[in-house]
Amino acid sequence: MIKLVKAGLLAVLLPMAATSFAATYEEGVHYDVVSERATKKPEIKEFFSFYCPACNNMEALIGEFKPKLDKNVKFKKSHVDFVGVRDPENQQMMSQALATAEVLPQKDKIVSAIFNHIHTKRASFNELADVKDIFVAQGVDGDKFDKLFKSFSVRTLSSKMKRDQDYFKEKGALRGVPTFIVNGKYKLNLGRESGITEPEDISKLINYLANKSV
């Protein structure tokens, strides 16, 4: 009898707990719906620029909340070409550099080295040779870099970054960087107004949204 009562209470409490959890996040406060379409698999995508100081500072926070994401939620980066005074061609080169790094095991180290080159060393990327130097310094063979950078798969990924950028700009969701979009549908509202500032809170919001529509 006691077991039946406990089972009955659990059946009542579980839906209530789920409702309470969901109610802690409000559309328009903690996130905005920016698209009707959603990705087939759970993901969180950061739109950023290597030239953006705020994006550089965000790297440390990403390093804290990324390990807390559910295993089925994939973290992705997408480089934009509208930041600062750099011409779009130069910024597109950096998008292709990111796409190249994506297929290499040194990806995280390369991304960190590029940020460091711009924001700590105050150096610039004026031509492709400057980008190549970063990759080589991280242990990537020079000939391998040349082939990868020009490869169809890398150019395709770089083009997708541009298409995604244009799509979300048109939707009014991408007005600056860094911007985080979950499942191609939900834009995170991080900061004091939403109260979502700590790594633990950010990861919980991402996990909630990532599994909301997939």
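Helix 3 (residues 88–102) and helix 6 pack with their axes 9 Å apart and at an angle of about 115 degrees, in a model that is predicted. Because angles of 65 to 115 degrees count as roughly perpendicular, helix 3 and helix 6 are described as roughly perpendicular to each other. The crossing in which helix 3 passes helix 6 is right-handed. On the side of helix 3 the contact is made by Met93, Gln96, Ala97 and Thr100, and on the side of helix 6 by Phe145, Leu148 and Phe149. Sorted by class, the contact of helix 3 with helix 6 has 5 nonpolar and 2 polar residues, with no charged residues.

A second packed pair is formed by helix 2 (residues 53–65) and helix 8 (residues 199–210), whose axes come within 9 Å and cross at roughly 65 degrees. That angle makes helix 2 roughly perpendicular to helix 8, and helix 2 passes helix 8 in a right-handed crossing. Helix 2 contributes Leu61, Glu64 and Phe65 to the contact, while helix 8 contributes Pro199, Ile202, Ser203 and Ile206. The residues of the contact of helix 2 with helix 8 divide into 5 nonpolar, 1 polar and 1 charged.

The table sets out the two helix pairs.

| Helix pair | Angle of the axes | Distance of the axes |
|---|---|---|
| Helix 3 and helix 6 | about 115 degrees | 9 Å apart |
| Helix 2 and helix 8 | roughly 65 degrees | within 9 Å |

The aromatic rings add another kind of contact, and the count comes to 11 aromatic pairs. A pair of aromatic rings is described by the distance of the centres and the angle of the planes. Phe135 and Phe145 form one such pair, which is tilted, with 4.8 Å from centre to centre and 50 degrees between the planes. This pair links distant parts of the chain, since Phe135 lies in helix 5 (residues 128–137) and Phe145 in helix 6 (residues 142–150), 10 residues apart.

Both partners can also be described by their accessibility. Phe135 counts as buried because its relative accessibility is 0%, and Phe145, with a relative accessible area of 1%, is buried. Phe145 is also among the residues of helix 6 that make the contact with helix 3, and its ring is paired with that of Phe135.

Elsewhere among the aromatic residues, ring pairs link Phe47, Tyr167 and Phe168 into a cluster.

Notes. Residues numbered from 1 in each chain as written. Predicted model: local features only at pLDDT ≥ 70, side-chain atom pairs only at ≥ 80, totals over all residues. Heavy atoms only, no water. Axes fitted to C-alpha atoms, helices over the stretch in contact; angles between N-to-C directions. Helix = DSSP H or I, 4+ residues; strand = E, 2+ residues; numbered from the N terminus. Parallel < 35°, antiparallel > 145°, perpendicular 65-115°, else oblique. Left-handed = near helix turned anticlockwise from the far one by under 90°. Contact = heavy atoms within 4.5 Å. Nonpolar A, V, L, I, M, F, W, Y, C, P; charged D, E, K, R; others polar. Phe/Tyr/Trp six-rings, centres within 6.5 Å; stacked < 30°, edge-to-face > 60°. Buried < 20%, exposed > 50% of the residue type's maximum accessible area, 1.4 Å probe, protein only.
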